[in-house]
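Hi everyone, thanks for coming. I'd like to walk you through one model today, so have a look at the screen and then we'll go through the parts together.

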Amino acid sequence: MLLSRTPVDDPRLHRLGIATVILNGADVRDAGGRLSALLDRLGAAAVLIRPDFYVFGSAPSPQDIPDLLGRLEGRLCAPSASERAA
């Protein structure tokens with residue numbers, strides 16, 4: 001899941017099956033402020049959260065979100081050792 005303060009338009013979100021949650025957007029209101037506090041504590045505009053609820057990484061600004069998605073894509077789509085040896 002990508003938790004972000006701003007909308008994100010990147011084709012990798014759909015391709016990698018990443019749900020996007022925009023804080024205080026049309027669908028999500030951070031009533032208790034806990035999600036905003038998480039972003040503040042990390043100094044982040046967006047956080048990429050793994051399915052096991054660990055944070056994969058964060059982006060300090062909206063302009064850094066594509067790099068964050070690229071790092072995840074590189075990890076998920078990296079060739080295996082046997083593929084590299086071939």
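Before anything else, one term for what comes next: when I say contact, I mean heavy atoms within 4.5 Å. And for angles, the axes are lines fitted to C-alpha atoms, with the angle taken between N-to-C directions. With that in hand, look at helix H3: H3 lies across E1, E3 and E4, and runs at about 150° to E4. Please keep in mind that this is a predicted model.

Now let me step back to the whole chain. There are four helices and four strands, and starting from the N terminus the order of elements is β-α-β-α-β-β-α-α. The chain has 86 residues, and buried ones make up 30% of them. If you take the contacts with a separation of 6 or more, 38% of them come from residues 24 or more positions apart.

On to the sheet. In general, strands of a sheet pair through backbone hydrogen bonds, either parallel or antiparallel. Here the four strands form an open sheet with mixed pairing, in the order E2-E1-E3-E4. E2 and strand E4, residues 55-59, are the edge strands, each pairing on one side only. From one strand to the next, the twist averages 15°.

Let's zoom in on E3. On one side, strand E1, residues 2-4, pairs with E3 in the antiparallel sense over three bridges. Within that pairing, Ser-4 stands opposite Ala-46, and Leu-2 has Leu-48 as its bridge partner. E3 also runs antiparallel to E4, joined by four bridges. There, Ala-46 is partnered with Ala-59, and Leu-48 with Gly-57. So which way do the E3 residues point, and are they buried or exposed? Ala-46 and Leu-48 point one way, Val-47 and Ile-49 point the other way, and all are buried.

Next, the connection between those two strands. The hairpin of E3 and E4 has five residues between the strands, and Phe-53 is found in that loop. What is unusual about the phi of Phe-53, given that it is not a glycine? The phi is positive, at about 75°. As for the surroundings of Phe-53, the relative accessible area is 74%, and because anything over 50% counts as exposed, Phe-53 is exposed.

Now for the empty space. The idea is that rolling a probe the size of a water molecule over the atoms shows where empty space is left. In this model the largest pocket holds about 160 Å³ of space. Which residues line it? The lining consists of Met-1, Leu-16, Gly-17, Ile-18, Leu-48, Ile-49, Arg-50, Pro-51, Phe-56, Leu-72 and Leu-76. Strand E3, residues 46-49, and helix H3, residues 65-76, are the elements that give two or more residues to that lining. By character, the lining divides into nine nonpolar residues, one polar and one charged.

You'll have spotted Leu-48 again: this lining residue is also the bridge partner of Leu-2.

One more lining residue deserves a moment, and that is Gly-17. Gly-17 sits in the loop between helix H1, residues 11-15, and strand E2, residues 20-22. Is Gly-17 buried or exposed? Gly-17 is exposed, because its relative accessible area is 64% and the cut-off is over 50%. Gly-17 and Met-1, which also appears in the lining, are 16 residues apart in sequence, and their C-alpha atoms are 8.8 Å apart in space.

Last stop, Val-28. You'll find Val-28 in the loop between E2 and helix H2, residues 34-42. Its relative accessible area is 22%, so Val-28 is partly exposed. Leaving aside residues up to four places away in sequence, Val-28 touches Val-21, Ile-22 and Leu-23.

To pull it together, we have an open, mixed sheet of four strands, with H3 lying across E1, E3 and E4, and a largest pocket to which E3 and H3 each give two or more lining residues. Thanks for listening, and I'm happy to go back to any part of the picture.

Key: Residues are numbered from 1 along each chain as its sequence is written. This is a predicted model: local features need pLDDT of at least 70, side-chain atom pairs count only at pLDDT 80 or more; totals for chains, interfaces and linings use all residues. Side-chain values use heavy atoms; hydrogens and water are left out. Buried means under 20% relative accessible area, exposed over 50%, partly exposed in between (1.4 Å probe, protein chains only). On a 1 Å grid over the protein atoms alone, a cavity is a set of points where a 1.4 Å probe fits but cannot get out, and a pocket is an open set with protein on both sides within 12 Å along at least five of seven lines; lining residues have an atom within 4 Å of a point. Grid points are joined across faces, edges and corners, and a volume is the space filled by probe spheres set on the points. Ala, Val, Leu, Ile, Met, Phe, Trp, Tyr, Cys and Pro count as nonpolar, Asp, Glu, Lys and Arg as charged, and the others, Gly among them, as polar. Two strands pair if DSSP finds at least two bridges between them. Axes are lines fitted to C-alpha atoms, for helices over the stretch in contact, and angles run from 0 to 180 degrees between N-to-C directions.
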